Every structure is written in structure tokens, then in C-alpha cells.
Amino acid sequence: MGDKVYWNPAKLRNGHVVILGTSGSGKTQTLKALGYELPLLFPGIKIVISDFHGDLELPGEVCYPLNAESPYGLNPLVIDLDPKGGGPDLQAIAVSSILRKSLKMGDNQEGLVLNALISCYHHKGISQDNQSSWKLQPPTFADLESELQSRVEDGCKDSQKLLLKMAATFKYGIFSKPQPSMNFPIVRFDLQRF
Ligand SMILES: Nc1ncnc2c1ncn2[C@@H]1O[C@H](COP(=O)(O)OP(=O)(O)OP(=O)(O)O)[C@@H](O)[C@H]1O
Ligand SMILES: [Mg+2]
């Protein structure tokens with residue numbers, strides 16, 4: 001005890017850290033100190049804060065409240081622009097695989113989501129083989145909902161079942177609103193009302 005403790009995320013392969021402590025022991029204060037000091041140590045670093053209690057405000061931040069009334073959402077369909085590991089198809093695969101796990105889908109439903117997501121990208125003029133199209137405005141879950149509805153109108157019973165399975169997700173709306181710009185040094189999503 002009494003030795004100085006150093007944490008250098010630049011030297012770590014993955015820079016995760018866990019902060020544990022009883023109520024009032026200083027977890028929130030420590031998190032804020034990390035968020036405040038990191039940019040002084042690593043200029044150009046980007047800080048994105050998911051603030052579930054609404055107590056992580058930092059000087060110079062851009063804050064987006066995420067709640068039922070806010071115009072902002074989080075969009076899982078935003079495309080990774082890395083030419084080697086990004087693009088709409090890979091994003092669609094990643095999102096359908098997450099939905100499969102969280103909504104307990106089978107192979108067929110996962111495939112249907114994947115197919116519908118790729119259609120949503122195509123409707124926005126975005127395709128895997130046209131890299132410059134990746135920068136266009138991506139679809140949201142609102143577009144996925146419309147896509148499934150139009151498939152139901154065309155007589156697709158599986159899409160009807162999928163719509164039911166995803167009803168709560170669509171109703172919740174957080175993934176159906178456009179994602180605000182994260183192009184700032186410190187972005188805080190205020191989730192206290194969610
Ligand atoms: N290093 C510190 N120096 C001085 N005051 C501190 C320090 N760390 C925390 N505090 C103060 O102690 C109080 C509790 O700290 P904090 O809110 O960070 O605790 P917490 O672990 O997040 O608690 P909770 O689990 O209830 O959210 C606050 O008033 C905070 O400003
Ligand atoms: Mg706290």
C-alpha cells in the first residue's frame with residue numbers, strides 16, 4: 001500500500017477497467033476524473049459516456065438526453081466505414097445475430113431479419129460493393145418495421161410473426177430515431193429517464 005498505481009490504456013491490448021465500491025465510496029467521482037483527465041493525457045481521444053443516473057456531466061461535453069420524448073436515438077444500423085471489416089452487409093449480419101440472441105430467434109427468423117436489413121440498406125441506396133454509398137444516411141429500425149410491414153402486405157406470414165416478436169423493440173423507439181453526431185471530444189448520453 002502507498003505505492004503509486006499507474007494505468008496506461010495505450011499499453012493495454014484492451015483497456016477495460018472495473019470500478020467497484022460501496023455506495024458513497026467515490027465510483028462516480030472516479031469515472032468523472034477518468035473522463036476529465038484522459039483527454040489531457042491523450043489529446044484527440046474520444047469519450048462517449050452512457051450515463052444511466054444523469055450524474056456524469058463533464059466540462060466541454062455535448063449531452064444528448066435519450067428518452068421517449070427526445071428526438072435522438074441510438075442506431076445499430078450505422079455502418080462501420082472500415083473497408084476491410086465494415087459495410088452494410090457485415091453490419092446487417094452483426095445486428096441480426098444480436099437480435100437472434102436477445103429475442104431468442106431461430107435460424108429462419110435470423111435469416112429473415114438479415115434479408116430485411118439488407119433491403120433497408122438498398123432502399124437507401126447503400127450496398128456492400130459500393131463503398132462510397134456507405135457514407136449515405138443509414139436506415140433505422142423504423143425502416144426495418146416498414147420493410148416487415150410491406151412484406152406482411154405481400155402475404156409473408158413469417159414477417160408477421162417477426163413483427164410480433166419485435167413489437168416491444170419497435171414500440172420502445174430508441175433504435176428507430178436517428179443517431180446524433182458523435183463527432184465531439186466528449187459525448188454524454190443521458191439515459192436517466194429511460
Ligand atoms: N477523491 C475524492 N475526494 C473528495 N471527495 C470525493 C472523492 N471521491 C468522491 N468524493 C465525494 O464523495 C461523495 C460520494 O462519491 P460518489 O458519488 O462518487 O460515490 P459513488 O461510489 O458513485 O456512490 P453511489 O454508489 O451511491 O453512486 C460525493 O460527494 C463525492 O463528491
Ligand atoms: Mg455513483
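How many helices and strands does the protein chain have? Colour by secondary structure and you should find 6 helices and 3 strands, taken as DSSP runs (H or I, at least four residues, for helices; E, at least two, for strands) and numbered from the N terminus.

Before you click on: this is a predicted model, where local features need pLDDT of at least 70 and side-chain atom pairs count only at pLDDT 80 or more, while totals for chains, interfaces and linings use all residues. Residues are numbered from 1 along each chain as its sequence is written, chains are lettered from A and ligands numbered from 1 in the order written, and side-chain values use heavy atoms, with hydrogens and water left out.

**Whole chain**

Stay zoomed out and trace the elements from the N terminus: α-β-β-α-α-α-α-α-β. The C-alpha trace spans about 70 × 35 × 30 Å along its principal axes. Of the 194 residues, 32% count as buried (under 20% relative accessible area; exposed is over 50% and partly exposed in between, with a 1.4 Å probe and protein chains only). Now switch on contacts, meaning heavy atoms within 4.5 Å. Among those between residues at least 6 apart in sequence, 66% join residues at least 24 apart.

**The largest pocket**

Next, select Ile19, Leu31, Leu34, Ile49 and Leu56, which lie nearest the centre of the largest pocket among its 26 lining residues. A pocket here is an open set of points on a 1 Å grid over the protein atoms alone, where a 1.4 Å probe fits, with protein on both sides within 12 Å along at least five of seven lines; lining residues have an atom within 4 Å of a point. Its volume is about 620 Å³, the space filled by probe spheres set on points joined across faces, edges and corners. Add α1 (27-41) and β1 (47-51): each supplies at least two lining residues. The largest share, 7 residues, comes from α1.

**Ser119**

Hop along to helix α3 (residues 107-123) and pick Ser119. Is Ser119 buried or exposed? Its relative accessible area is 18%, so Ser119 counts as buried. Show Glu147 and Arg151 too, as Ser119 is in contact with both, leaving aside neighbours within four places in sequence.

**Leu103**

Last stop: the loop between α2 (88-102) and α3, where you'll find Leu103. Leu103 has 22% relative accessibility, so it counts as partly exposed. Draw a distance from its C-alpha to that of Met166: 63 residues apart along the chain, the two atoms are separated by 7.8 Å. With neighbours within four places set aside, Leu103 is in contact with Lys165, Met166 and Thr169.
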